[in-house]
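Trainee: I am new to this structure. Please take one part of it and go through that part closely, in one connected answer.

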Amino acid sequence: MYEPIRTKSVHSMADQAQYPHRSREEELDIQLAGHLAALLAVTDELGLDTAADAIATQVSRLRGAPPARHAALTHADPAALHQRAHALAGRALVVAASRADTAAAILAAERMDAHTAALRDTQLIGAP
């Protein structure tokens, strides 16, 4: 009643050697470099050159190449930029801690503190 299957199934497992696989450490390096690159863009937008240079150094170390720097200004609200930078630094801190990258973790924690202070200052200035 049924004809036997004569061809290989399309649902069979692929040869594992055909696909490159990254280690957990490599994946964390990629993720950390991405978070720091995003933080670099916001830091450049805020005009914090010293902090941006420190972040760029870490991104270069992780990627093996210098990062692209933020060229265009969006003229976004500084408070919103500080909030975004704080969140990005927090994400970078979590990944840096999970991969035991002390230099990146310290940098991320310092940036979180700086953006927290900046947010506190903008709220005090904006208060009546």
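**Helix α1 and its partners**

Mentor: Helices α1 and α3 pack with their axes 9 Å apart, at an angle of about 160°. An angle over 145 degrees counts as roughly antiparallel, and α1 and α3 are therefore roughly antiparallel to each other. The crossing in which α1 passes α3 is left-handed. On the α1 side, the contact is made by Arg24, Leu28, Gln31, Leu32, His35, Leu36, Ala38, Leu39, Val42, Glu45 and Leu46. On the α3 side, the residues are Pro78, Leu81, His82, Arg84, Ala85, Leu88, Ala89, Arg91, Ala92, Val95, Ala96 and Ser98. Sorted by class, this contact of α1 with α3 has 15 nonpolar residues, along with four polar and four charged ones.

Some background helps to place this pair. The model is predicted, so everything said here describes a computed structure. The chain has four helices and zero strands, and reading along the sequence gives the pattern α-α-α-α. Of the 128 residues in the chain, 30% are buried. Among contacts between residues at least 6 apart in sequence, 70% join residues at least 24 apart.

Now to the salt bridges, some of which involve α1. The general idea is simple: side chains of opposite charge can pair when their charged atoms come close. A search of the whole structure finds six salt bridges.

One of them joins the side chains of Arg99 and Asp29, with an N to O distance of 2.4 Å. Asp29 is in helix α1, residues 24–46, while Arg99 is in the loop between α3 (78–98) and α4 (102–126). The two residues are 70 residues apart, and the pair links distant parts of the chain. Arg99 has a relative accessibility of 24%, and because values between 20% and 50% count as partly exposed, Arg99 is placed in that class. Asp29 and Arg99 also belong to a network of salt bridges, in which they are linked with Arg61 and Asp101.

Arg99 can also be compared in position with Arg24, a residue of helix α1. The C-alpha atoms of Arg24 and Arg99 are separated by 8.9 Å, although the two residues are 75 residues apart along the chain. Arg24 counts as exposed, with a relative accessibility of 54%. Arg24 is also one of the α1 residues in the contact with α3.

Asp44 is another α1 residue with a salt bridge: its side chain meets that of Arg69, at 2.9 Å from N to O. Here Asp44 lies in helix α1 and Arg69 in the loop between α2 (49–63) and α3, 25 residues apart, so this pair too links distant parts of the chain. Asp44 is buried, its relative accessible area being 14%. Arg69, at 38% relative accessibility, counts as partly exposed.

Arg69 has a further salt bridge, with the side chain of Asp53, at 3.4 Å from N to O. Asp53 is in helix α2, 16 residues from Arg69, and this pair also links distant parts of the chain. With 42% relative accessibility, Asp53 counts as partly exposed. Arg69 thus pairs with Asp44 of α1 and with Asp53 of α2.

Methods
Residues are numbered from 1 along each chain as its sequence is written. This is a predicted model: local features need pLDDT of at least 70, side-chain atom pairs count only at pLDDT 80 or more; totals for chains, interfaces and linings use all residues. Side-chain values use heavy atoms; hydrogens and water are left out. A salt bridge is a side-chain nitrogen of Lys or Arg within 4 Å of a carboxyl oxygen of Asp or Glu. Buried means under 20% relative accessible area, exposed over 50%, partly exposed in between (1.4 Å probe, protein chains only). Axes are lines fitted to C-alpha atoms, for helices over the stretch in contact, and angles run from 0 to 180 degrees between N-to-C directions. Angles under 35 degrees count as roughly parallel, over 145 as roughly antiparallel, 65 to 115 as roughly perpendicular and the rest as oblique. A crossing is left-handed if the near helix is turned anticlockwise from the far one by less than a right angle, and right-handed if clockwise. Contact means heavy atoms within 4.5 Å. Ala, Val, Leu, Ile, Met, Phe, Trp, Tyr, Cys and Pro count as nonpolar, Asp, Glu, Lys and Arg as charged, and the others, Gly among them, as polar.
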